[in-house]
Structures are given as structure tokens and as C-alpha cells.
Amino acid sequence: MTLAIGVDVGGTKVAAGVVDEDGRILAKLKRSTPAASPSRTEQAIADAVTELLARHQVAAIGLGAAGFVDSARATMLFAPNLAWRDEPLKQRVEERLGHQVVVENDANASAWAEARFGAARGYRDVVLVALGTGIGAAILVGGELYRGRWGMAGEPGHVRVVPDGRLCGCGNRGCWEQYCSGNALVAEAREFARRTPEGAIRLLQLGGGGPESISGPVITQAATEGDPAALRCFQTIGGWLGQGLADLAAILDPACFVIGGGVSEAGDLLLDPARAAFERALTGRGYRPLAEIKVAELGQDAGIVGAADLARAASRAAAPPATASRRRAPQSSAGRGRAPRTRAGQDEAAQARADPGGA
Ligand SMILES: [Zn+2]
């Protein structure tokens with residue numbers, strides 16, 4: 001059993017874990033991220049890895065970080081929530097650690113983990129959409145991550161869905177993530193509570209204050225109880241989600257969409273309106289199979305598991321060809337045991353199961 005370390009580097013914390021070949025985390029630890037200082041963040045990463053290395057024999061180390069990673073998987077070009085700008089992250093961490101590391105975008109790492117061990121097991125054409133502060137996304141085509149020429153592919157959060165719409169942190173207007181994200185959900189509920197406080201009684205109760213006290217978990221809680229205002233917020237966000245997925249299907253035609261991030265914890269409260277909007281907006285509807293739309297299964301561990309597994313795959317790719325067949329993922333073993341619930345994806349998952357070597 002070859003072990004690997006995966007590190008999930010976010011704006012507030014560094015989480016590192018030792019991951020086995022079945023995607024299980026054997027040990028895990030967390031550090032807070034000194035986000036304002038690139039060098040201290042790198043030291044926090046190195047410290048966490050060093051602590052795990054003292055107790056485990058590992059073959060590879062992968063970092064999944066929130067930001068734009070270049071196509072060489074070495075430099076963090078830009079990180080919205082960290083101080084990295086053109087930071088040679090791979091080199092800096094390797095200098096501190098004395099071991100090789102692989103740097104990956106965090107959404108890519110999560111998508112890889114979901115395709116290998118989670119909601120998209122057995123699928124080869126997958127789009128992950130993670131709804132958090134904004135939208136994190138990743139694309140798998142034929143079982144491989146699609147990175148684009150410069151490593152920047154998979155940022156549909158900044159596709160313009162409303163001309164001259166809401167201002168986005170990226171400087172443009174009308175970006176998808178301004179209408180469909182954790183922040184958008186909260187903004188929707190707060191705006192409703194300001195406009196119609198008598199309709200938002202439960203939301204305000206659970207928040208414990210004024211409209212500003214309403215958070216994502218509060219909205220999910222209220223919606224779970226059947227509160228109409230909270231349900232309406234999820235319908236709005238779910239509607240934007242489904243329309244955006246239909247646009248992605250027009251470009252990529254995936255078999256499976258995996259929806260992650262905090263908002264996805266609402267499950268079908270979000271996905272039912274999303275599926276309805278998806279089916280309404282899909283080009284050629286009625287004459288094409290419908291992609292699966294599923295909730296991510298690995299939760300907050302996906303980044304650790306994916307970063308570790310990608311680093312393990314990279315180290316095997318560099319190794320002699322005896323292990324070459326293991327490089328491809330998701331492969332048949334990844335689809336075992338669980339048939340996909342419906343429709344279109346079935347073909348692809350079944351095909352993947354019947355084809356152990358990968359395509
Ligand atoms: Zn934007």
C-alpha cells in the first residue's frame with residue numbers, strides 16, 4: 001500500500017493528511033494559515049508535512065491550493081484569498097521540506113478525489129462545481145483533468161450570465177458566482193429579510209439578530225424545516241445553478257456534475273430546482289441523455305485526498321512503466337459496488353466498470 005500526503009491550503013487553514021490508495025485518510029492535522037505572509041504560509045505547510053512524515057512512510061506529497069496554478073504545476077500565479085502572486089510555491093516548499101511536492105488547484109484536487117473515490121466514481125467526463133464564497137470548478141475529460149494551455153481552465157464562476165449585472169470581485173459584472181454561490185445565497189436571504197421582515201421571521205430567529213445575522217447554515221436549517229422564505233432562496237440559487245450547468249453541458253457534455261461546497265449540504269433542496277432548471281435550459285432537451293447532477297461525497301476531505309492521489313499518480317508517471325496502468329483514473333475499481341442512480345451516466349459508468357484498463 002503506497003501512502004501519500006495531501007495538503008489542502010485554504011485562506012484560513014492548512015489541513016494535511018496521510019492518504020492510502022483507497023482514498024482513506026489515516027492521519028490528519030490542521031494549522032491556521034498566516035494568509036498575509038507567503039513565507040509563513042509555506043512554513044505552516046512544511047511544518048504540517050514534516051509532522052506527518054515523522055510517523056508515516058510516504059511516496060509522494062501533493063498540495064492543493066485555492067488559486068491559479070500554472071500549467072507546470074509549480075507556480076501559484078494568483079490566489080484571491082492568499083498573498084501569493086507569481087509565487088514559486090513548489091520550489092519554496094521543497095526547499096523547506098527537502099522533498100518533492102506537486103502543486104495543484106484545490107478544485108482540481110477535489111474533482112479528482114470525487115472521480116476516484118466519491119460521487120463521480122466510474123465516470124470519465126465530469127464537471128465539479130463547488131459553491132462557496134464564489135464558485136470553484138474543475139473539469140475531467142476522458143478521465144484526465146483538463147487544465148487548459150496555461151493551467152487556468154475551469155473557472156465558470158466568471159462566465160457572464162447577466163450583461164451589466166452585479167459587480168464581481170474579479171472586476172467584471174454579471175459573473176455566474178454573483179448569482180450562484182454561498183455568498184449569493186446569503187445575500188439573497190438578507191435582502192429578502194430587509195425587504196420583507198415579516199416573511200423572514202424564522203430566518204431572523206435562527207440568525208439571532210438582524211438581516212446581517214443570517215448565514216448559510218441558518219438558511220439551510222430553515223429550509224430543512226420547510227420555511228418558505230429559505231426554500232425560495234434555494235430555488236433562486238438552484239435555478240441559477242441549473243441554467244449554468246446547461247451552459248456547461250453545451251460546451252463539455254459531461255456525464256456527471258458533482259456539486260460541492262457548503263451550499264451543497266442542503267442536498268435536494270438545492271439540487272431539485274437545479275435539475276428542473278437544467279432540463280428546461282438544456283439545448284436539444286428531449287433528444288439527448290441527461291447528465292447526472294450529484295452532491296459531492298467527500299466533503300472537506302476531498303482536497304486532501306485528491307492532492308495526495310494526484311501526487312501519487314505523478315510519482316508513478318515518473319517511475320518505470322511497470323506501474324503505468326495505475327496512472328489512469330478514474331478506472332474500473334473506482335466504480336465498484338455502487339450503480340449510478342439514473343439515466344445518462346449509467347452508460348459511461350458501466351463502460352468504465354467493464355473496461356478495467358481505462359480507455
Ligand atoms: Zn467575476
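**Note on the predicted model**

1. Helix H7 covers residues 228-252. At 1.5 Å a residue, its 25 residues should span 36 Å, and the C-alpha atoms at its ends lie 35 Å apart, which agrees. This structure is a predicted model, and the points below should be read with that in mind.

2. The residue that follows H7 is Asp 253, whose phi is positive, near 50°. Asp 253 is placed in the loop between H7 and strand E12 (256-260). Its phi deserves a remark, since the positive value occurs in a residue other than glycine. Most residues other than glycine have a negative phi. With a relative accessible area of 52%, Asp 253 counts as exposed, because the cut-off for that class is over 50%.

3. Arg 73 belongs under a similar heading. Although Arg 73 is not a glycine, its phi is positive, at about 55°. The residue is found in the loop between strand E5 (68-69) and strand E6. Is Arg 73 buried or exposed? Neither label applies: at 22% relative accessibility, Arg 73 counts as partly exposed.

4. The end of H7 has been described; its partner helix comes next. Helix H6 (residues 216-224) and H7 have axes that come within 7 Å and cross at roughly 115°. The two helices are therefore roughly perpendicular to each other. The crossing in which H6 passes H7 is left-handed. On the H6 side the contact is made by Ile 219, Thr 220, Ala 222 and Ala 223, and on the H7 side by Ala 230, Leu 231, Cys 233 and Phe 234. By class, these residues divide into seven nonpolar, one polar and no charged.

5. A second helix pair is formed by H1 (residues 38-53) and H2 (residues 89-97), whose axes come within 9 Å and cross at roughly 50°. That angle makes H1 oblique to H2. H1 passes H2 in a right-handed crossing. Which residues meet in this pair? From H1 they are Ser 39, Glu 42, Gln 43, Ile 45, Ala 46, Val 49 and Thr 50; from H2 they are Leu 89, Arg 92, Val 93, Arg 96 and Leu 97. The contact has six nonpolar, three polar and three charged residues.

6. Helix H8 (residues 268-281) can be checked for length in the manner used for H7. Its 14 residues reach 19 Å from the first C-alpha to the last, close to the 20 Å expected at 1.5 Å a residue. The buried residues of H8 are Leu 270, Leu 271, Pro 273, Ala 274, Arg 275, Ala 277 and Phe 278. The student may note that this list includes an arginine, Arg 275. What covers these buried residues? The cover includes strand E9 (126-131), helix H7, strand E12 and strand E13 (292-295).

7. Asp 309 is found in helix H9 (residues 302-317). Its relative accessible area is 4%, so Asp 309 is buried, the cut-off being under 20%. Leaving out residues up to four places away in sequence, Asp 309 touches Trp 112, Arg 116 and Phe 117.

8. Trp 112, one of the residues touched by Asp 309, also appears in a pairing with Glu 144. These two residues are 32 residues apart along the chain, while their C-alpha atoms are separated by 8.5 Å. Glu 144 is placed in strand E11 (residues 144-145). With a relative accessible area of 35%, Glu 144 is partly exposed.

9. Pro 80 lies in the loop between strand E6 (76-78) and strand E7 (85-87). Where does the chain bring Pro 80 in relation to Phe 68? The two are twelve residues apart in sequence and 8.8 Å apart in space, C-alpha to C-alpha. When neighbours within four places in sequence are set aside, Pro 80 is in contact with Ala 66 and Gly 67.

10. Finally, the chain as a whole. The secondary structure of the protein chain comes to ten helices and 13 strands. Of its 359 residues, 51% are buried. Among contacts between residues at least 6 apart in sequence, 61% join residues at least 24 apart. The pair of Glu 144 and Trp 112, 32 residues apart along the chain, gives the reader a place in the model at which to consider separation in sequence and in space together.

Terms used
Residues are numbered from 1 along each chain as its sequence is written. This is a predicted model: local features need pLDDT of at least 70, side-chain atom pairs count only at pLDDT 80 or more; totals for chains, interfaces and linings use all residues. Side-chain values use heavy atoms; hydrogens and water are left out. Axes are lines fitted to C-alpha atoms, for helices over the stretch in contact, and angles run from 0 to 180 degrees between N-to-C directions. Helices (H or I, at least four residues) and strands (E, at least two) are DSSP runs, numbered from the N terminus. Angles under 35 degrees count as roughly parallel, over 145 as roughly antiparallel, 65 to 115 as roughly perpendicular and the rest as oblique. A crossing is left-handed if the near helix is turned anticlockwise from the far one by less than a right angle, and right-handed if clockwise. Contact means heavy atoms within 4.5 Å. Ala, Val, Leu, Ile, Met, Phe, Trp, Tyr, Cys and Pro count as nonpolar, Asp, Glu, Lys and Arg as charged, and the others, Gly among them, as polar. The expected span of a helix is 1.5 Å times one less than its number of residues. Buried means under 20% relative accessible area, exposed over 50%, partly exposed in between (1.4 Å probe, protein chains only).
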